[in-house]
Amino acid sequence: MSIEDGLSQSTVEAIVQDRSGFMWFGTEDGLNRYDGYTFTIFKHDPDDPGSISNNNIWCLHIDQNRVLWIGTYCGGLNRFDPETETFTHYLHDPSDSNSISSNRIRSILDDNQGNLWIGTRDGGLNCLKQNSQQFLRIRHDPNNENSLPSDNVRFVYPASNDSLWIATNRGFSIYDVGSDEFTHYQASPDGSNSIRNNNVRHILKDRSGIFWISTKGGLASFDRQRGQFTNYLSDPADPGSISINNIRKTYEDRQGRLWIGTTNGGLNFFDRKKNTFYSYHHDQTDPYSLSNNSVRVTFQDNSGILWIGTFGGGLNTYDPKTDHFRHYRYDPENSNSLSDPIVWAISQGPGGSIWFGTNSGGVDRYDRSTGQYVHDCYNPNNLIDIKKSNYIRSLYWDKADRLWIGSNYTGVDRYDPDTNNFINLRHDPEDSNSICHNRVRAIYQDDFGDMWFCTWGGGLDNYNQTTGTFTNFGHRPGDPNSLSDNNVISILQDSDGIYWVATSIGLNRIVFSGKSTGPASPKLSCPEITRFFHDPNDPQSISNNYVVSVHEAQNGDLWFGTMLGLSRLRKSDRGNPVFTRYFMKNGMPNDVVYGILEDSHGNLWLSTNFGMSRFDPDTETFKNFDTRDGLLGNEYNSGAYTRTTEGTFIFGGVNGASEFHPDSLADNPCLAPVVLTGFNIFDKPARLDKSISCTEEITLSYKDNYFSFEFASLDYSTPDRNRYAYMLEGLDGDWTQSGTRHFAGYTHVDAGRYVFRVKGTNGDGVWNEEDTSIRIIITPPFWETWWFITLLVLAIGGTIAFVITNRVRQLLAIERLRSKIAADLHDDIGAGLTEISIMGEVITQKLPHEARQMVLQETEKIGTTARGLVSSMSDIVWLVNPRRDSLYDLVSRLGDSFKETLNALNIQFRTENLESLKSIRLKMEYRQHLLLIFKEAINNSLKYSGCTEISLKVSLKGKKLDMRLVDDGTGFDVQDIQTGNGLKNMEDRASSIGGSLTIRSSANEGTEVEFSGMIS
C-alpha cells in the first residue's frame, strides 16, 4: 500500500494495532489510522492545539492501559485521546527540569509498573511515572562511567521489573533501576564474544530468553546466562547468510519466527533449526515481491498478518496462510524452473515426480526429492516441428507406468521410462488404422486397459494396446447414435462402466452392450450413444453445450464443468437425467469450470477463469480463493489438474501451477471486531462530541432523519471479502444482509428510540456474533411533544365542545321548526285542501239536477286535484317530520301509501329486515328521492304487471344501501321499452343522490327494480 492507496507518505517508521483493532502507521508526513478500507490521517494544524504536534513520526507504542503514545522527530511526545481524537503534547521546556529532555523521540515502552520509558535522539532517557506529569531524566555524564553511554538512545527494552536494556550509538547497556547502575556492552577490538558494531538500533528478547541485538554492522544474539554472543554476518559466498549487515530491527512473530529488517538488504527470515537466513527482496518483475529493500519496521496483527513498513516503498503485508500453496513457476532467468509459464497438463509419475505439459516448452519433470526441473521428455527422432511438438495438451500415466503425451499438433507419444523409448502414434491419411487426428486434448485409460484419445477435430479414438487397433467414435450428421461433435475434450468411465464424453457441442453417454468384460470395442459390442444438450427453455438441462471436465463423486453423483456453469447429475437421476446447475449468482467466482477434484470430505475443488473454489455439495456453498490467498494466478486451463499420492491438489494455468493440501485451507477462526467508522447526516459527516467508535448514543432532530453509518470488520487479510449484517431495532424486524457493503442508510425515520446494531465476518466468512451497537434518539417536532399534544387536545376539545353545543342547539331548533312546519301543514293546509275537496262534493249535491250535470265534470276535477294535493302534502309532512328520519319509516311509508289499492286489488306487499332498519337515519333529501323512486315503481307494478305479490328487500353493508322491489307480474322486455318521463325521473333521482338504478325484467318472469348507493 502506498500514497496511491491513501497512505499519507511512503516511509513507514512505526506500526501498532490498538484495542479496537485499528492499524496505526507512523510516517514521515503524518499519523495514519487504517480500517481495511480507508486511511484516516492526523497531521499538525497550527490553528488547532489538539492536533498532533509534528508530522514526522518516529515511534508508536500502546501501553498496558491501551493508550496510544506517539514519538515525533522534533515535536516531542504525544498522547492520543480516542474519544475526542485529540492529542496531548509533552514538550521540552528548557526552564522546566521536570519536562521531557528532548523533542526528538526515538523509542517508547512501558514497564510492568506502568512507567513510561522514552528514549530520545539527543536528550538521553526519560521516565514518566504512572499518573504523573513529571519526567525523570537519565543522561550521559562523560565524567561518570556508571551513566548512560550516550544521549542518543535508539531503543529501550524493559527486560524485567527492575532492568532496562538500552540501545545507543555507543553500544548497549543494561540499567538496573533499583540500584541505578549500568552494565555496558560494546564491540571489542578483536570482535570476539561481543557485538560487531556499537551503533545499536534495536534489542529484542525472544520467547526462549535470547536477546537479539540489531546493529549497523550485523545481527548478534546474546545468551545472558552464559554471557555468550553469536554474530550473524553477511557472507556473499554463503546464500544462507543474512543478506546485509546494516540491520534496523528484529521481530518475533507469534509462531516464534524471527524477521530481520535491513537497510538495502530486504527482509530476512531466520530459520533457527537450520541456522539459515532466507531473504526477500524487491523484484521489479514481480508485483508480489517486497516494495523496497530498506525495511524499517515489522509487525504482526491479531489475525496473524505480517505488516512491513519500508523506506520509500510504503506498506507491505504478508499473510502466513498463503504459505499453504506451493508454486511451480516460469522464470526466464532461472533454468531450474518451468520451461514455459502456460501449463496445459499435469500428472504425477512413479516415484512422486510431477510432470507438466507446457504451451511451448514440451514436458517438464519436477523431482520432489531434489527440487530440480528436468526438460528431457520429448523424442527428437519423431519431431518435424520442434515448436509444434512441444505444445503439450495432455499427460497420462497408465497402469504399466508408461507416460502418454498428447500434443496439440503431433499426435500421441508413449514414453517408457524403463527403456527411455518413445512410440509415436500419428494420424496417417493412408492408414485407416491410425489415430484419427493429431490434435490430442485428453488421454484416458479405462478399466479394461484400453486407451482413449480425445481429439480436436477427429472425434474419440479407442486404442487396444494388445491388438494395436484403433476404433473411432465420431460425429455423423443425421445419425443420433453418434457423438454430438468431433471436438472431444474429456472422457470418464463411471463406476457402472458407462462412458461420459465431453465435447464442444454437448455431452455424450456411451453404453456398451453384449459384453461384461474385455475391451470396449464396437467389433465385439454395440454402443448406444445418448446426447445431452443445453436447452434454454429447460432449467433442468445441462448448463452449457461446451463441456470441459467430467468427475464422478464418491457418492456416485456426476459433475460436469462447462464454459458456462457447473452441472450436477445425481446418481438417482441417471435413468432420467435431471441436471442441477450452479453459476456465479450462486457463489462461484467465475462461470467457466476447467477442472474438478474432490477431497476426502466430499468437497469439490474447481479451477476457473478467476481463481479456485471449494464447493460443499451438501450445503451448496462456495468458498473462493485467488491470488490474495496465495495462488500463483487466477486464470487456469482445462486438463491442467491432478491429485497426488500425498493427497495434495495441483492446478495449472497461464502463470504456472499451484499445489496445496485441501485440509490446509481451513477457515480462519479469528473473529474480527466490527467498529463504527463514520456517521453521516444527509450524506455529510456529522459533528459529534466523541469519535463515532467511542460514542454510545446519538440524539437527532426530526429534521435529521436521513442518516447513515459506516462500519468495518477489522480483518485485514482480504477486507473486500468481509461481509456484514445490520439492523435498526425499533424499525427493522430482522437483520439486513448487506454482503460486502460496509455502510447502511435510513430515510424518513419517525421520532423515537432505536438501537443500530452491526456484525461482520472475517475474510473467510466466519461471523463474529458479538455485534457493535449504538443508541439513536430522534426527537419529535414540537407539535408531537406531549405538552404540545396536551395543549392541542385541550384546545381542540374545547373547540369541538363549543361547535357541538352550537350544532346541537341548531339541530334542536331545526327539529322544532320541522315539527312546527309539519304540524302547521297538516293542521292548516292539509285541513283546508280536505275541506275544498268536501265542499266540491257538497256543492255538486246541492245543485239542481239540471245544473249538476253541467258542473259535475269540473267539480270532480276539483276534488281529484284536491285529493292529489292532500296526498302530496301528506308526503311533504312526512318528509319534514324529524320523527320519521329512519329507513324503517321510509319502508313503512311506502306500504301505507298503497295499502288501500293493494287491498282492493288483492295484492300482497312484503318487506324484509324491517325491524333492523329503525336505527338507520337518512337525510331528508335522500328519503325524498328514495320515496318517490319506489312510489313510482310500485305504481307501475300496480298498473301494468298484473302481479299478485310485491316484495321490498332492504340491505345495508357498511355504508352501502341496496333496495330491491320485486313483483311476480307478467314482466316485459327491457330492451323494447321506450323510456318515458317516469323511468327517466327515477334514474335522475337515483343519480342525484349518488346512486344507480337497475331494472331487470323479462316476459313472464316478473320485474325487479334495484337501487344501489352510499348513504352518509
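In this predicted model, 38 salt bridges are found. Side chains of opposite charge can pair when their charged atoms come close. One of the bridges joins the side chains of Glu-13 and Arg-296, with an N to O distance of 2.5 Å. Glu-13 belongs to strand S1 (residues 12-17) and Arg-296 to strand S25 (residues 295-300), so this bridge ties together parts that are 283 residues apart in sequence. Both ends of the bridge are covered: Glu-13 is buried, and Arg-296 is buried as well.

A second bridge with buried partners is formed by Asp-398 and Arg-402, whose side chains meet at 3.2 Å, N to O. Asp-398 and Arg-402 are both buried. Some salt bridges share partners, and in this way Asp-319, Lys-321, Arg-614, Lys-623, Asp-667 and Asp-764 are joined into one network.

The bridge between Arg-226 and Asp-223 has an N to O distance of 4.0 Å. Its two residues fall into separate accessibility classes. Arg-226 has a relative accessible area of 64% and is exposed, because the class begins over 50%. Asp-223, with a relative accessible area of 17%, is buried, because that class covers values under 20%.

Aromatic side chains give a further set of contacts. Across the whole structure, 86 aromatic pairs are found. Among them is the pair of Trp-69 and Tyr-90, which is tilted, with 5.8 Å centre to centre and 40° between the planes. Trp-69 sits in strand S6 (residues 68-72) and Tyr-90 in strand S8 (residues 86-90), so the pair links parts that are 21 residues apart in sequence. Trp-69 is buried at 6% relative accessibility, and Tyr-90 is buried with a relative accessible area of 9%.

The pair of Tyr-499 and Phe-512 is edge-to-face, with 5.5 Å centre to centre and 90° between the planes. Here Tyr-499 lies in strand S42 (residues 499-503) and Phe-512 in strand S43 (residues 506-513), so the parts tied together are 13 residues apart in sequence. Tyr-499 is buried, with a relative accessible area of 1%. Phe-512 also counts as buried, at 15% relative accessibility.

Aromatic residues also form a cluster. Phe-325, Trp-605, Phe-625, Tyr-636, Tyr-641, Phe-649, Phe-651 and Phe-660 make up one such cluster.

At the surface, Phe-782, Trp-783, Trp-786, Trp-787, Leu-791 and Leu-794 make a nonpolar patch of about 760 Å². One of these residues, Trp-783, lies in the loop between strand S64 (767-779) and helix H2 (786-846). Trp-783 is partly exposed, at 39% relative accessibility. This value meets the requirement for membership in a patch, because patch residues must have over 30% relative accessible area.

Turning to the strands, S37, S38, S39 and S40 form an open sheet in the order S37-S38-S39-S40, with antiparallel pairing. Strand S37 (440-445) and strand S40 (469-473) each have a single partner strand and stand at the edges, so one side of each has no neighbour in the sheet. On average, neighbouring strands of this sheet are turned by 20° against each other, direction ignored.

Within this sheet, strand S38 (residues 451-455) pairs with strand S39 (residues 460-464) in the antiparallel sense, over four bridges. Met-451 stands opposite Tyr-463 in S39.

Two loop residues stand out for their backbone angles. Asn-264 is not a glycine, yet its phi is positive, near 70°. Asn-264 is placed in the loop between strand S22 (258-262) and strand S23 (267-271), and it is exposed, with a relative accessible area of 55%. Asp-683, likewise not a glycine, has a positive phi of about 65°. The loop that holds Asp-683 runs between strand S56 (674-681) and strand S57 (684-685). Asp-683 is exposed too, with a relative accessible area of 56%.

Conventions:
Residues numbered from 1 in each chain as written. Predicted model: local features only at pLDDT ≥ 70, side-chain atom pairs only at ≥ 80, totals over all residues. Heavy atoms only, no water. Pairing = 2+ DSSP bridges. Axes fitted to C-alpha atoms, helices over the stretch in contact; angles between N-to-C directions. Patch = residues over 30% accessible without salt bridge, like charges linked within 9 Å, V, L, I, M, F, W, Y side chains within 5 Å. Areas by Shrake-Rupley, 256 points an atom, 1.4 Å probe, with all protein chains shown as cover. Buried < 20%, exposed > 50% of the residue type's maximum accessible area, 1.4 Å probe, protein only. Phe/Tyr/Trp six-rings, centres within 6.5 Å; stacked < 30°, edge-to-face > 60°.
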